[in-house]
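Trainee: I would like a close look at a single part of this model, followed outward to whatever surrounds it. Could you take me through it in one connected account?

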Amino acid sequence: MPELPEVEVVRRGLVNWVRGRTIHAVEVLDPRSIRRHALGVEDFMGNLEGATVSDVVRRGKFLWMPLLDATAPLPDNPEEPRVPGVALMAHLGMSGQLLMQDAGVPDEKHLKVRFRLSPREGMPDQLRFVDQRIFGGLFVTTLISTDDGGPGGLAESPLPLIAEEAAHIARDPLDPSFSFDLFYQRLRKRRTGLKRALLDQGLVSGIGNIYADEALWRAKLHYARPTDTLRRGEAQRVLDSAREVMLDALAAGGTSFDSLYVNVNGASGYFDRSLNAYGRQGEPCRRCAAAGIHAIIRREQFMNRSSHTCPVCQPRPRNGRW
DNA sequence: CATTCGTCCTGATAGC
DNA sequence: TGCTATCAGGACGAAT
């Protein structure tokens with residue numbers, strides 16, 4: 001399940017394969033994967049064919065490739081850089097993958113969209129979007145100017161442009177421009193449970209169900225803790241925890257960078273080793289066990305999602321106030 | 001306005 | 001064995 005670390009692994013891998021290459025042809029094998037593109041599949045393809053990918057950037061779990069349009073007039077001054085006006089947007093959803101493949105590689109079972117790129121020595125010619133559950137999708141969006149320094153999210157040199165469809169997404173905890181003060185201020189105004197807030201991409205981005213449970217476990221906080229009672233230090237603790245667990249996952253995903261394809265399963269090797277809460281229902285809490293306390297990780301439904309907690313070190317809040 | 005809930009989708013698995 | 005029911009999850013738009 002791609003959350004921030006997995007999407008960042010994809011971004012880092014992809015940028016080296018596609019930057020500066022032109023999209024020669026687009027093949028949509030399943031129109032359901034073209035989401036939110038109001039003008040339809042034909043328009044989607046028309047926007048992309050002949051365009052050149054200038055970068056791969058990210059905000060939260062949204063990933064996009066700014067495009068230089070070959071049909072747009074060149075700037076009067078040749079020294080002036082060309083500025084992309086639209087971008088190919090991708091969200092991986094639950095099961096989306098962006099893979100670089102040689103033309104001879106058989107189609108994946110759930111191949112949804114194929115992009116044929118201008119040839120480049122030593123590089124695969126196809127970018128493929130593969131998605132089993134179709135929660136992810138692709139579309140073309142316009143780029144709008146932003147005064148906050150661009151997409152961020154560990155991108156190297158983002159233009160001060162953001163995909164319109166990602167403009168409402170907050171920065172992620174790994175983003176150097178992430179503001180804890182702004183996060184805490186907004187968090188305190190909410191009247192909801194802490195996990196719900198962590199999953200709200202408009203408040204803080206990149207965190208999904210897995211890393212939310214992990215961050216709460218590390219911070220020893222319960223998912224239902226009312227956000228308007230959180231002390232500054234507690235909010236700092238859960239944010240630091242989220243940052244730590246996602247950095248660990250990012251480091252684990254980084255091992256596949258030199259593979260020929262862009263790995264979207266950066267978490268696969270990581271899952272087994274480092275998860276302390278997610279998926280560990282019925283197993284002992286490692287932190288409690290180390291302290292000689294017997295505690296079993298419990299799985300409960302919260303927001304129609306499964307939530308994993310230790311009943312001893314993450315006690316449920318009583319009456320909202322602590 | 002803020003918050004919550006229903007919806008999209010497929011494959012693995014459990015239960016009869 | 002073969003059927004049906006259940007579950008997993010991100011993000012948006014509708015409903016409250």
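Mentor: Contact means here that heavy atoms lie within 4.5 Å. The model is a predicted one, and the part I have chosen is Ser307 with the DNA surfaces around its strand. On that definition, and leaving aside residues up to four places away in sequence, Ser307 touches Lys195, Asp213, Tyr223, Arg298, Arg299, Glu300 and Phe302. Ser307 belongs to strand β12, which covers residues 305–309. The relative accessible area of Ser307 is 0%; since buried means under 20%, Ser307 is therefore classed as buried. One of its neighbours deserves particular attention: the side chains of Ser307 and Lys195 form a polar contact at 2.7 Å.

From Ser307 we may turn to DNA strand C. A side-chain N or O atom of Ser306 lies 3.0 Å from a phosphate oxygen of DNA strand C. The elements that contribute two or more residues to the surface near this strand are β11 (298–302) and β12. In total, 17 residues surround DNA strand C, the closest being His91, Phe135, Tyr278, Arg299 and Arg305. Of the atoms of DNA strand C within 4 Å of the protein, 56% are accounted for by sugar and phosphate. Arg299 thus appears both among the contacts of Ser307 and among the closest residues to DNA strand C. Two further side chains approach phosphate oxygens of DNA strand C: a polar atom of Lys61 at 3.2 Å and an N or O atom of His168 at 3.5 Å. By class, the surface near DNA strand C comprises five nonpolar, seven polar and five charged residues.

DNA strand B has its own surroundings, which include Arg32, Lys109, Phe135, Arg190, Arg191, Thr192 and Arg196. Phe135 is also listed among the closest residues to DNA strand C. The surface near DNA strand B consists of two nonpolar, three polar and six charged residues. Sugar or phosphate supplies 71% of the atoms of DNA strand B within 4 Å of the protein, and bases supply the rest. Three residues illustrate the approach to phosphate oxygens of DNA strand B. For Arg191, a backbone N or O atom lies 2.5 Å away from such an oxygen. For Thr192, a polar side-chain atom lies at 2.9 Å, and for Arg196, a side-chain N or O atom lies at 3.0 Å.

Key:
Residues numbered from 1 in each chain as written. Chains lettered and ligands numbered in written order. Predicted model: local features only at pLDDT ≥ 70, side-chain atom pairs only at ≥ 80, totals over all residues. Heavy atoms only, no water. Near = heavy atom within 4 Å. Polar contact = N/O pair within 3.5 Å; in protein donor to acceptor, adjacent residues only side chain to side chain. Nonpolar A, V, L, I, M, F, W, Y, C, P; charged D, E, K, R; others polar. Helix = DSSP H or I, 4+ residues; strand = E, 2+ residues; numbered from the N terminus. Buried < 20%, exposed > 50% of the residue type's maximum accessible area, 1.4 Å probe, protein only.
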